[in-house]
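Morning, everyone. I have one structure to go through today, and I'll take it region by region. Please have a look at it first.

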Amino acid sequence: MWLIMAVLSALFAGVTAILAKCGIKKTDSDVATALRTMVVLLFSWIMVSVAGSAGTITQISGRSLLFLVLSGLSTGASWICYFKALSAGDVNKVVPIDKSSTILAVLMAIFLLGETEHLAVRLGGTVLLALGVFLMIEQKETDDSKGNGIWRPYAIASAVFAALTSILAKIGISGVESNLGTAVRTGVVLVMAWLIVLFKGKQGQVREIDRRELLCISLSGLATGASWLCYYYAIQNGVVSVVVPVDKMSILVTVAFSYMVFGEKLSGKAAAGLTLMVIGTLIMAIWS
């Protein structure tokens, strides 16, 4: 079941990237992140109510709460960097770098969480992922013409924070109902997102958001909420070093939609990289 949930997480995450891109053509990325987090939080608490786990919030240990908060802070930082990168660069350029967090997360899971079963297989799969990511982010000089490459540092920072998120969440969600854990950490992300908006004085832009973009932002929030609920169920019940690569296969959905919606095509080298990433993920999933 946890592997199925990881696959569903990938599907929803892939849709999220496209909807988010549609929602930040004119809208500031920080404002969009804060708004979509509100949708995610509402969706998360609805699922907590359905699961009947709201009453157990007082039973969360101090250690679990600490790591859930740290995971939320890391997620917030990753989001802010990710959507800043999306607003300045093409989806097909930003997403592969963001997905490189998979490599770091797998290595951290092996060495920090002790997930050493089938170690040779997982390390081999990680090597294929690394090669795939390298091929996908290898760009021609003219590729940075949009935004003069300003998107790249944000995409890299997004990957680092995303990797930390998975490890912190695995520790924090131990002994906590997965829907409740997701809701708690989403609350932390929401506070962080709005503090950024207020600090930068962008709150006035909320009233000026185009209705079509607001709809896309809201839908991306729903997709994110669905992805998170599936992802943290998989994280809690499965193997992090397998769940993370499977979840990152959302790039397949993203690439397909970016071609259909934005007309963004993959080069031959990028397509080869994507193929290696898929093979590496399948190897780790099959021998999980």
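Before the first region, one term: a charge sits over a ring if NZ of Lys or CZ of Arg is within 6 Å of the ring centre and within 35 degrees of the ring normal. With that in hand, Arg185 lies over the face of Trp228, at 4.9 Å from the ring centre. Please keep in mind that this is a predicted model.

Let me stay with Trp228. Is Trp228 buried or exposed? At 9% relative accessibility, it counts as buried, because the cut-off for that class is under 20%.

The aromatic pairs come next, and the count for the structure is two. In one of them, the ring centres of Trp228 and Tyr232 are 6.4 Å apart and the planes stand at 85°, so this pair is edge-to-face. Both residues belong to helix α9, which covers residues 211–237, and being four residues apart there they are separated by about one helical turn. Tyr232 is buried as well, with a relative accessible area of 2%. Tyr232 also pairs with Tyr231, again edge-to-face, at 4.9 Å centre to centre and with 80° between the planes. Tyr231 has 7% relative accessibility and therefore counts as buried. Taken together, the ring pairs join Trp228, Tyr231 and Tyr232 into a cluster.

Trp228 leads on to the internal space. How many cavities of 30 Å³ or more are there? The count comes to one. The volume of this largest cavity is about 440 Å³. It is lined by 23 residues, and those closest to its centre are Trp79, Asp98, Trp228, Asp247 and Lys248. Which elements give two or more residues to that lining? They are α1, α3 (62–88), α4 (91–99), α7 (151–172) and α9. By class, the lining of the largest cavity divides into nine nonpolar, nine polar and five charged residues.

Asp247 brings us to helix α10, residues 240–247. Eight of its eight residues are buried, so α10 is largely enclosed by the rest of the structure. Those buried residues are Val240, Ser241, Val242, Val243, Val244, Pro245, Val246 and Asp247.

Val246 turns up again in the second largest pocket. That pocket has a volume of about 160 Å³. Its lining consists of Leu3, Val7, Ala10, Leu11, Val246, Met249, Leu252, Val253, Val278, Thr281, Leu282 and Ala285. The elements giving two or more residues to this lining are α1 (2–23), α11 (250–262) and α12 (268–286). What is the make-up of the lining by class? There are eleven nonpolar residues, one polar residue and no charged residues.

Now the cysteines. As a reminder, a disulfide is a covalent bond between the sulfur atoms of two cysteines. How many disulfides does the structure hold? Zero. Cys216 is in no disulfide, and the nearest cysteine sulfur, that of Cys22, is 4.8 Å away. The cut-off for a disulfide is a pair of sulfur atoms within 2.5 Å, which is why this pair is not counted. Cys216 counts as buried, at 9% relative accessibility. Cys81 is also buried, at 12% relative accessibility.

I'll finish with a few single positions. Phe12 lies in helix α1. With 33% relative accessibility, Phe12 counts as partly exposed. Phe12 and Pro153 are 141 residues apart along the chain, and their C-alpha atoms are separated by 25 Å.

Gly76 is in helix α3. Gly76 counts as buried, with 4% relative accessibility. From Gly76 to Asn179 there are 103 residues along the chain, and the C-alpha atoms of the two are separated by 18 Å.

Last, where does His118 lie? It is in the loop between α5 (101–112) and α6 (119–137). The phi angle of His118 is near 55°, a positive value in a residue other than glycine. At 35% relative accessibility, His118 counts as partly exposed.

That is the tour. If you keep one region in mind, take Trp228: it has Arg185 over its ring face, belongs to the aromatic cluster with Tyr231 and Tyr232, and is among the residues closest to the centre of the largest cavity.

Technical notes
Residues are numbered from 1 along each chain as its sequence is written. This is a predicted model: local features need pLDDT of at least 70, side-chain atom pairs count only at pLDDT 80 or more; totals for chains, interfaces and linings use all residues. Side-chain values use heavy atoms; hydrogens and water are left out. On a 1 Å grid over the protein atoms alone, a cavity is a set of points where a 1.4 Å probe fits but cannot get out, and a pocket is an open set with protein on both sides within 12 Å along at least five of seven lines; lining residues have an atom within 4 Å of a point. Grid points are joined across faces, edges and corners, and a volume is the space filled by probe spheres set on the points. Ala, Val, Leu, Ile, Met, Phe, Trp, Tyr, Cys and Pro count as nonpolar, Asp, Glu, Lys and Arg as charged, and the others, Gly among them, as polar. Buried means under 20% relative accessible area, exposed over 50%, partly exposed in between (1.4 Å probe, protein chains only). Rings of Phe, Tyr and Trp (its six-membered ring) pair if their centres lie within 6.5 Å; planes under 30 degrees apart count as stacked, over 60 as edge-to-face and the rest as tilted.
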